[in-house]
Amino acid sequence: MNLTPCRSVPAASASGESNGTDNANSVEHWHEMECRLQYMQAQVEEAQAALARKHMQQQELVDRVEKAETEKLEFEQKYFDATKQMNGLKESLAEEVKKKEKVITQLQETEFVLKKTTA
């Protein structure tokens, strides 16, 4: 915001009446107050703009955090599901290994019996 500089109104001359001097001082005082008011209004506008920027930045950060938390929960669920599936596969593998060992044992027994009967 561009402000035009406030200039003081020159005081009345000493040769004038005291009423004229009072009026001049009053006008000068009024003008100073207007200048202060303009300055304060400019400060308020700048502060509001800065506050709005900070609010936008804060909202962007909040949005990023919420998105990251959502993604984290999704990855945790995927990890849990994958771990559950992996444990199930380990159990299936253990069962298959036991079956294979049992079949190998039966095969060895059958071969032994077969050799015994052919000998």
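A salt bridge is a side-chain nitrogen of Lys or Arg within 4 Å of a carboxyl oxygen of Asp or Glu. With that in hand, the pair Glu-76 and Lys-72 is a good place to start: in this predicted model, their closest N and O atoms sit 3.2 Å apart, and the two residues form a salt bridge. Both partners belong to helix α1, where a spacing of four residues puts about one turn of the helix between them. Glu-76 isn't tucked away or fully out in the open; it counts as partly exposed because its relative accessible area is 39%, which falls between the 20% and 50% cut-offs.

The structure holds two salt bridges. Besides the pair just described, there's one joining Lys-99 to Glu-96, with 3.8 Å between the closest N and O atoms. This pair is also found in helix α1, and here the partners are three residues apart, again about one turn of the helix. As for Glu-96, its relative accessibility is 47%, so it counts as partly exposed.

Stepping back to the whole chain, the overall picture is quick to describe. The protein has one helix and zero strands, and that helix, α1, covers residues 18-118. Out of 119 residues, just 3% count as buried. The accessible surface adds up to about 11,200 Å², and carbon and sulfur atoms account for 58% of that area.

Charge also shows up on the surface away from the salt bridges. Four residues, Glu-60, Asp-63, Glu-66 and Glu-69, gather there in a patch of negative charge. One of them, Glu-69, has its place in helix α1. With a relative accessible area of 48%, Glu-69 counts as partly exposed, because only values over 50% earn the label exposed.

Trp-30 does earn that label. This residue, also part of helix α1, has a relative accessibility of 59%, so it counts as exposed. Trp-30 isn't without a partner, though: its side chain makes a polar contact with the side chain of Glu-34, at 3.0 Å.

Conventions. Residues numbered from 1 in each chain as written. Predicted model: local features only at pLDDT ≥ 70, side-chain atom pairs only at ≥ 80, totals over all residues. Heavy atoms only, no water. Helix = DSSP H or I, 4+ residues; strand = E, 2+ residues; numbered from the N terminus. Buried < 20%, exposed > 50% of the residue type's maximum accessible area, 1.4 Å probe, protein only. Polar contact = N/O pair within 3.5 Å; in protein donor to acceptor, adjacent residues only side chain to side chain. Areas by Shrake-Rupley, 256 points an atom, 1.4 Å probe, with all protein chains shown as cover. Patch = residues over 30% accessible without salt bridge, like charges linked within 9 Å, V, L, I, M, F, W, Y side chains within 5 Å. Lys, Arg positive; Asp, Glu negative; His and termini not counted. Charge placed at Lys NZ, Arg CZ, Asp CG, Glu CD.
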